Amino acid sequence: MDRIVVRGAGPLRGEAAVSGSKNSALALMAAALLGDGETILENVPWLRDVDAMLELLRALGAGAEWQGERSHGVRIDARNVHGREAPYDLVRKMRASFLVLGPLVGRFGEARVSEPGGCAIGVRPVDQHLKGLEALGAKIRLDHGYVEARGARLRGARMAFDVSTVNGTQNVMMAACLAEGETVLENAAREPEVVELAEVLLKMGADVRGAGTDRLVIRGVRSMRGVRHAVSGDRIEAGTLLAAALATRGDVRVRGVDPSVMESTLEKLRDCGAELETDPTSVRLRLDGPIRPTRIVTAPFPGFPTDMQAQLMAALTLAEGASVVEERVFENRFMHVPELQRMGADIALAGRSATVHGVRRLMGAPVMATDLRASAGLIVAALAAEGDTVVNRVYHIDRGYERIEEKLRGLGAEIRREG
Ligand code: EPZ
């Protein structure tokens, strides 16, 4: 099984290009099912999760493939979709597969999608996705681990989400596009990935308004078409590279990302003492002095993203003083803590809150990646540690970071993959 070996080698310096956003790309690929035509997505990251979504779309009868070798383009032809089922094996591999539920029931009036179940970071129920579809008139049945949704043509409705949910908002929004009449979704998620999906749905012929606020208004249309769209830069990959620059007290510019979608992350990096320069497509971070401690509370957008918690915590283990990190989005997203402790970090956990006392140095150690962002946190720590760190189970990293070793090597890191 692959492992990544990192040798702490001082400050990262230089420039790195950010890939397209994984979480946007996955939602947009599901949305392509709504169009009676061909959708071309550009700037799609080369990731295992994208391959898993392509496989699922093909299983449903869509044409779905990379446009050519070493291209970041994906072509999805949804004209001849005949399948209605997302099987357990595909959904188990990747939770975002559940995003085909809304488009399938919206366009074809029926779908059978495996329930995703819990995962390493929490229970992750899908009750809000189902509540929304039911509000639109779908009949939902839970059958042997599958969600079956039926509704010849959905009808617009008003509903309010009980919790802010990104994929839940996306799923219900997609289902509502082809419903009859107007749908109003209150307490909708405001994440940039919801906004980008709304933009693409508009281009496909849907009528979606209010994206970026917590109230979406969707007027149903009778049909939608395929579209061409370039996926935005990944705000979490950008944040991860900047966290690595912070932890190693380096000087790094990340290109290909819009800083306005990562304000809360940038604010925390500044709190930690970093100097930032931004322009519309890049961010440069420099740190000369010590890392200053801070307080982080994860929250839905525009709050601090849970997907950046592990990486920033890794940097804070080397801060001058005590920081507090509260995880409010997922109930079990501190799996990196025991691994960081094995590297010499001083972290006290109490429920959803971690107190991180900065130490003078971290030591390389063998560690285990448990989920995508936890693995990224371990790599950040390893880059700033003394000696070698071996990160095992790196398939988690490959789900969400394209060529991470190459990008970090370009910044001066000593990092290699071993088979
Ligand atoms: C998306 O997951 C992302 N995944 C996650 O990224 C990200 O961590 C998360 O949003 C939060 O920003 C994709 O976009 C593919 P949620 P999602 O529904 O939509 C609860 C990564 O590392 N909830 O916004 O599944 C839920 O349990 C991943 O790239 C319900 O109670 O997350 C959680 O506590 C991991 N009922 C909270 O809401 C529901 O029906 C927010 O989850 C749905 C969610």
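In which hand does α6 pass α7? Before selecting anything, bear in mind that this is a predicted model, and then follow the stops below.

**Stop one: α6 and α7**

Select residues 166–177, which form helix α6, together with residues 192–203, which form helix α7; their axes come within 10 Å and cross at roughly 15 degrees. Because angles under 35 degrees count as roughly parallel, α6 is roughly parallel to α7. As for the opening question, α6 passes α7 in a right-handed crossing. To see the contact itself, show the side chains of V166, T169, Q170, M173, M174 and C177 on α6, and those of E193, V194, L197, A198 and L201 on α7. Colouring the residues of this contact of α6 with α7 by class gives 8 nonpolar, 2 polar and 1 charged.

**Stop two: α5 and α6**

Keep α6 in view and add helix α5, residues 127–135, whose axis comes within 8 Å of that of α6 and crosses it at roughly 20 degrees. With that angle, α5 and α6 are therefore roughly parallel to each other, and their crossing is right-handed. On the α5 side, the residues to pick are Q128, H129, G132 and L133, while α6 contributes N167, G168, N171, V172 and A175 to the contact. By class, the contact of α5 with α6 divides into 3 nonpolar residues, 6 polar and no charged.

**Stop three: α1 and α7**

Return to α7 and select helix α1, residues 22–31, which packs against α7 at an angle of about 30 degrees, with the two axes 9 Å apart. The pair α1 and α7 is therefore roughly parallel as well, and the crossing of α1 and α7 is right-handed. Here N23, S24, A27, L28 and A31 of α1 meet E193, E196, L197, V200 and L201 of α7. Sorted by class, this contact of α1 with α7 has 6 nonpolar, 2 polar and 2 charged residues. It is worth leaving E193, L197 and L201 displayed, since these residues of α7 take part in the contact with α1 and also in the contact with α6.

**Stop four: arginines over rings**

Next, show R84 and F108 as sticks: R84 lies over the face of F108, at 4.0 Å from the ring centre. Then move to R112 and Y146, where R112 lies over the face of Y146, at 4.1 Å from the ring centre. If you go on to look for rings paired with one another, the structure holds 0 aromatic pairs.

**Stop five: two backbone details**

Which residue has a positive phi although it is not a glycine? Select R124, whose phi is about 50 degrees, and follow the chain on either side of R124, which lies in the loop between β7 (110–114) and α5. Finally, centre the view on P302, which has its place in the loop between β18 (295–297) and α10 (309–316). The peptide bond to look at there runs from F301 to P302 and is cis, with omega near 10 degrees.

Technical notes
Residues are numbered from 1 along each chain as its sequence is written. This is a predicted model: local features need pLDDT of at least 70, side-chain atom pairs count only at pLDDT 80 or more; totals for chains, interfaces and linings use all residues. Side-chain values use heavy atoms; hydrogens and water are left out. Axes are lines fitted to C-alpha atoms, for helices over the stretch in contact, and angles run from 0 to 180 degrees between N-to-C directions. Helices (H or I, at least four residues) and strands (E, at least two) are DSSP runs, numbered from the N terminus. Angles under 35 degrees count as roughly parallel, over 145 as roughly antiparallel, 65 to 115 as roughly perpendicular and the rest as oblique. A crossing is left-handed if the near helix is turned anticlockwise from the far one by less than a right angle, and right-handed if clockwise. Contact means heavy atoms within 4.5 Å. Ala, Val, Leu, Ile, Met, Phe, Trp, Tyr, Cys and Pro count as nonpolar, Asp, Glu, Lys and Arg as charged, and the others, Gly among them, as polar. Rings of Phe, Tyr and Trp (its six-membered ring) pair if their centres lie within 6.5 Å; planes under 30 degrees apart count as stacked, over 60 as edge-to-face and the rest as tilted. A charge sits over a ring if NZ of Lys or CZ of Arg is within 6 Å of the ring centre and within 35 degrees of the ring normal.
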